[in-house]
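This report describes a model of a protein bound to DNA and metal ions. It takes up the nucleic acid, the metal sites, the cysteines and the strand pairing in turn.

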There are 2 protein chains.
Amino acid sequence: MCEKLKNLKKTEYKIALLLSENGILNANDLQNMLNVDKATVYRNLKSLLKKKIIREILTDEKSFYEIDCNIHNPIHPHFECVKCKKIYCLKPLSAQDTINLSHYTDFEISSIEIIIKGICNECKKQF
Amino acid sequence: MCEKLKNLKKTEYKIALLLSENGILNANDLQNMLNVDKATVYRNLKSLLKKKIIREILTDEKSFYEIDCNIHNPIHPHFECVKCKKIYCLKPLSAQDTINLSHYTDFEISSIEIIIKGICNECKKQF
DNA sequence: TATCATAATGCAACTCAGTTGCAAAAATAA
DNA sequence: TTATTTTTGCAACTGAGTTGCATTATGATA
Ligand SMILES: [Mn+2]
Ligand SMILES: [Mn+2]
Ligand SMILES: [Zn+2]
Ligand SMILES: [Zn+2]
C-alpha cells in the first residue's frame, strides 16, 4: 500500500483506499460505496487533489479519479471511448515517448494529462 | 485560409472563421461575437466537431475550441493555469517527443489531447 | 412567382456535475 | 467535563450544456 495514505483524515483515507483497490472511479461511484453525501465526497476529493494523493481525469461529462502513487500507479495516458464513455488506463509512456517538458520555461508545471479518444475493442465488435 | 472551411453552413462558417482569426475561444465568447442564442452556438460547435473542423479543449469548468487545420494549426499541447484559468497553446511536440500510438492496438484512435497544468508566468509574478 | 418541404434558429425549460451556506454532529483540545 | 475546531448532511444554488417546440429562413419544385 502507498505510503502517502498514512496521516489522512478518515474519509480521505477511505476514498484513497477505494481508489487504490478499484482503479478509476467517479464521484458518484464513491458516494455509493461510502454512503455519504455527495458534498462530502467532493470536498474530500478536493483536499486529496490538493495534497496530490489522487489524480483527476476530465471527460466531457464528469471527472474520474485515481490514486497518485508513482510506484504503484505511475502517470500514464488514458483512453476514452466515445461510444461507451468508458475510461481505460493505458500503460505508461516508454522512455523514448516521454514528453520533454523542459522547453516550457514560461510555466511552472505541476501535472500533465494525456487523453486519447476513439472507439474501444468492445464497441468495435458491437457496431 | 483553411481549405476545410469551404462548404460549411453559414453559422458553422462564421464560427470556424472566428476561431481561425482569434485562436482559442469558448462557447460564451462565440455567443457574444455572433449575437446568436447559446443553443445555436452549441449545436454548431457539435457539428463542427463531428466534421473535424474544430478541436475541443476540456477544462474543469468549460470547453474551449480551436480550428483543426493541420497546416495552419497542427495538434499541440495546451497549458492551463490553475490560478487565472487561462489556456495557452504550446508549440507542437518535436519529432522525438511525439507519442507513439501504435502500441495501443486495442483502440481505434481518433484524437489525442495533452493538457499540462501549472502556473503561468503572469501569475507567478503577481503572487 | 407562389407553394411546399426541410433545415436552422430563438426561446424557455430542463439536466446534471459540482459548489456553498448553514446548522447539526463528531472529533479534538483544554 | 466543557469549550473549540473540524467534518458532515442537507438543501438550495450555480453554470455549462441539452432539448422540445414553435417560428423563421432557406431551397426546391412547379
Ligand atoms: Mn489511469
Ligand atoms: Mn491550441
Ligand atoms: Zn467503448
Ligand atoms: Zn495564470
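The sections below describe a predicted model, beginning with the DNA.

## Contacts with DNA strand C

DNA strand C has 17 residues around it, and the nearest of these are A:K10, A:Y42, B:K9, B:T11 and B:T40. Of the strand C atoms within 4 Å of the protein, 59% belong to sugar and phosphate. By class, the residues of this surface comprise 9 charged, 4 polar and 4 nonpolar. Helix α3 of chain A and helix α3 of chain B each contribute at least two residues to the surface, and α3(A) provides the largest share, with 5 residues.

Side-chain contacts reach both the backbone and the bases of strand C. An N or O atom in the side chain of A:K46 lies 2.9 Å from a phosphate oxygen, and the side chain of B:K9 likewise places an N or O atom 2.9 Å from a phosphate oxygen. A base nitrogen of strand C is 3.1 Å from a polar side-chain atom of B:R43.

## Contacts with DNA strand D

Around DNA strand D there are also 17 residues, of which A:K9, A:T11, A:T40, B:K10 and B:Y42 come nearest. Sugar or phosphate accounts for 59% of the strand D atoms within 4 Å of the protein, and bases supply the rest. The residues of this surface divide into 9 charged, 4 polar and 4 nonpolar.

Two lysines of chain B approach phosphate oxygens of strand D: a polar side-chain atom of B:K10 lies at 2.7 Å, and an N or O atom in the side chain of B:K46 lies at 3.0 Å. The side chain of B:K38 has an N or O atom 3.0 Å from a base oxygen of this strand. The elements that give two or more residues to the surface near strand D are α3 (38-50) of chain A and α3 (38-50) of chain B. The largest share, 5 residues, comes from α3(B).

## Manganese sites

The manganese ion designated ligand 1 has four protein donors in chain A, namely A:E66 (OE), A:H76 (NE2), A:H78 (NE2) and A:C89 (SG), at 2.0 to 2.3 Å. Along the chain these donors follow the spacing E-x9-H-x1-H-x10-C. Distant parts of the chain are linked in this way, since A:E66 belongs to strand β3 (residues 63-67) and A:C89 to strand β5 (residues 87-89), 23 residues apart. A:E66 counts as buried because its relative accessibility is 2%, under the 20% limit. A:C89, at 41%, is therefore classed as partly exposed.

In chain B, the manganese ion designated ligand 2 is coordinated by B:E66 (OE), B:H76 (NE2), B:H78 (NE2) and B:C89 (SG), at 2.0 to 2.3 Å. The donor spacing is E-x9-H-x1-H-x10-C. B:H76 and B:H78 are both buried, whereas B:C89 is partly exposed, with a relative accessible area of 41%.

## Cysteines

How many disulfides are counted over all chains? The count is 0. Among the cysteines, A:C120 is buried, with a relative accessible area of 1%. As described above, A:C89 and B:C89 each provide a sulfur donor to a manganese ion.

## Strand pairing within and between chains

Strand β4 (residues 78-81) of chain B directs B:H78 and B:E80 to one side and B:F79 and B:C81 to the other, and all of these residues are buried. β4(B) runs antiparallel to strand β5 (residues 87-89) of chain B, to which 3 bridges join it; within this pairing, B:F79 has B:Y88 as its bridge partner. The two strands form a hairpin with 5 residues between them, and B:K85 in the turn has a positive phi of about 65°. β4(B) is also joined to β6(B) by 4 bridges in the parallel sense, with B:C81 opposite B:G118.

In chain A, strand β4 (residues 78-81) pairs in the parallel sense with strand β6 (residues 107-120) over 4 bridges. A:H78, a manganese donor, stands opposite A:I115 in β6(A). Pairing also crosses between the chains: β6(A) and strand β6 (residues 107-120) of chain B run antiparallel and are joined by 13 bridges. In this arrangement, A:I112 has B:I116 as its bridge partner.

Definitions and conventions:
Residues numbered from 1 in each chain as written. Chains lettered and ligands numbered in written order. Predicted model: local features only at pLDDT ≥ 70, side-chain atom pairs only at ≥ 80, totals over all residues. Heavy atoms only, no water. Near = heavy atom within 4 Å. Polar contact = N/O pair within 3.5 Å; in protein donor to acceptor, adjacent residues only side chain to side chain. Nonpolar A, V, L, I, M, F, W, Y, C, P; charged D, E, K, R; others polar. Pairing = 2+ DSSP bridges. Donors = N, O, S within 2.8 Å, 3.2 Å for Na, K, Ca; no water. Buried < 20%, exposed > 50% of the residue type's maximum accessible area, 1.4 Å probe, protein only. Disulfide = S-S within 2.5 Å.
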